[in-house]
Amino acid sequence: MKKIKITKADIKKFLTDHQDALSCMAIMLLVPAVGMASDASSIEITPLQKPMETLVKFVSGPFAGTITVGSLVIGLANYRMGGSQSITKDSAIGVGCGAAMTQVDTLCQSLGITASSLTF
């Protein structure tokens, strides 16, 4: 079996080549970590609790449904009319994102993350 030699220069090159993706991954991991580390969820009512809950319900409800159905309709219409494949691909991504948005609230509740714990 051939040994793979990784140098410090290889690591630096990888990090600079993929800094955008790594930054996005760091931000996505930071938000739940702050929410889980915060003890704000033990507070009964905070000033921002009701507005944050309303925002979460809107984003995971009608807004997500609008994005999902709108992307689906645009993608299917574009496909049927023989339009650009990139629009169909982007529409499929929109449908996936909208479907994921509908489940965010359920996922956060199962992890014990509340809207108020993410703000503090």
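Mentor: Buried means under 20% relative accessible area, and exposed means over 50%. Keep those cut-offs at hand; the model here is predicted.

Trainee: Why is Ser 71 called buried?

Mentor: Ser 71 has a relative accessibility of 16%. The cut-off for buried is under 20%, so Ser 71 counts as buried.

Trainee: Where does Ser 71 lie, and which residues does Ser 71 touch?

Mentor: Ser 71 is part of helix H4, which covers residues 62-80. Leaving aside residues up to four places away in sequence, Ser 71 touches Ser 91, Gly 94 and Val 95.

Trainee: What makes the approach of the Ser 71 side chain to the backbone oxygen of Ile 67 a polar contact?

Mentor: The distance is 2.9 Å. A polar contact needs a pair of N or O atoms within 3.5 Å, one able to donate a hydrogen and the other to accept it. The Ser 71 side chain and the backbone oxygen of Ile 67 therefore meet the distance limit.

Trainee: How many salt bridges does a search of the whole structure find?

Mentor: The search finds one. Lys 13 pairs with Asp 17.

Trainee: What makes the pair Lys 13 and Asp 17 a salt bridge?

Mentor: Their closest N and O atoms are 2.8 Å apart. The limit is 4 Å between a side-chain nitrogen of Lys or Arg and a carboxyl oxygen of Asp or Glu, so Lys 13 and Asp 17 qualify. Side chains of opposite charge can pair when their charged atoms come close.

Trainee: Where do Lys 13 and Asp 17 lie?

Mentor: Both are in helix H1, residues 8-17. They are four residues apart, about one turn of the helix.

Trainee: Why is Asp 17 called partly exposed?

Mentor: The relative accessible area of Asp 17 is 48%. Buried needs under 20% and exposed needs over 50%, with partly exposed in between, so Asp 17 is partly exposed.

Trainee: Why does Ile 4 count as exposed?

Mentor: Ile 4 has 75% relative accessibility. The cut-off for exposed is over 50%, so Ile 4 counts as exposed. Ile 4 is placed in the segment before H1.

Trainee: Which residues make the nonpolar surface patch?

Mentor: Ile 4 helps to make the patch, together with Ile 6, Ile 11, Phe 14 and Leu 15. The patch amounts to about 550 Å².

Trainee: And the chain as a whole: how many helices and strands does the protein chain have?

Mentor: The protein chain has six helices and zero strands. Buried residues make up 17% of its 120 residues. The protein chain exposes about 9300 Å², with carbon and sulfur atoms supplying 70% of that area.

Conventions
Residues are numbered from 1 along each chain as its sequence is written. This is a predicted model: local features need pLDDT of at least 70, side-chain atom pairs count only at pLDDT 80 or more; totals for chains, interfaces and linings use all residues. Side-chain values use heavy atoms; hydrogens and water are left out. Helices (H or I, at least four residues) and strands (E, at least two) are DSSP runs, numbered from the N terminus. Buried means under 20% relative accessible area, exposed over 50%, partly exposed in between (1.4 Å probe, protein chains only). Contact means heavy atoms within 4.5 Å. Accessible areas come from the Shrake-Rupley method with a 1.4 Å probe; for residues, only the protein chains shown count as cover. Patches are made of residues with over 30% relative accessible area and no salt bridge: like charges are joined within 9 Å, nonpolar side chains (Val, Leu, Ile, Met, Phe, Trp, Tyr) within 5 Å.
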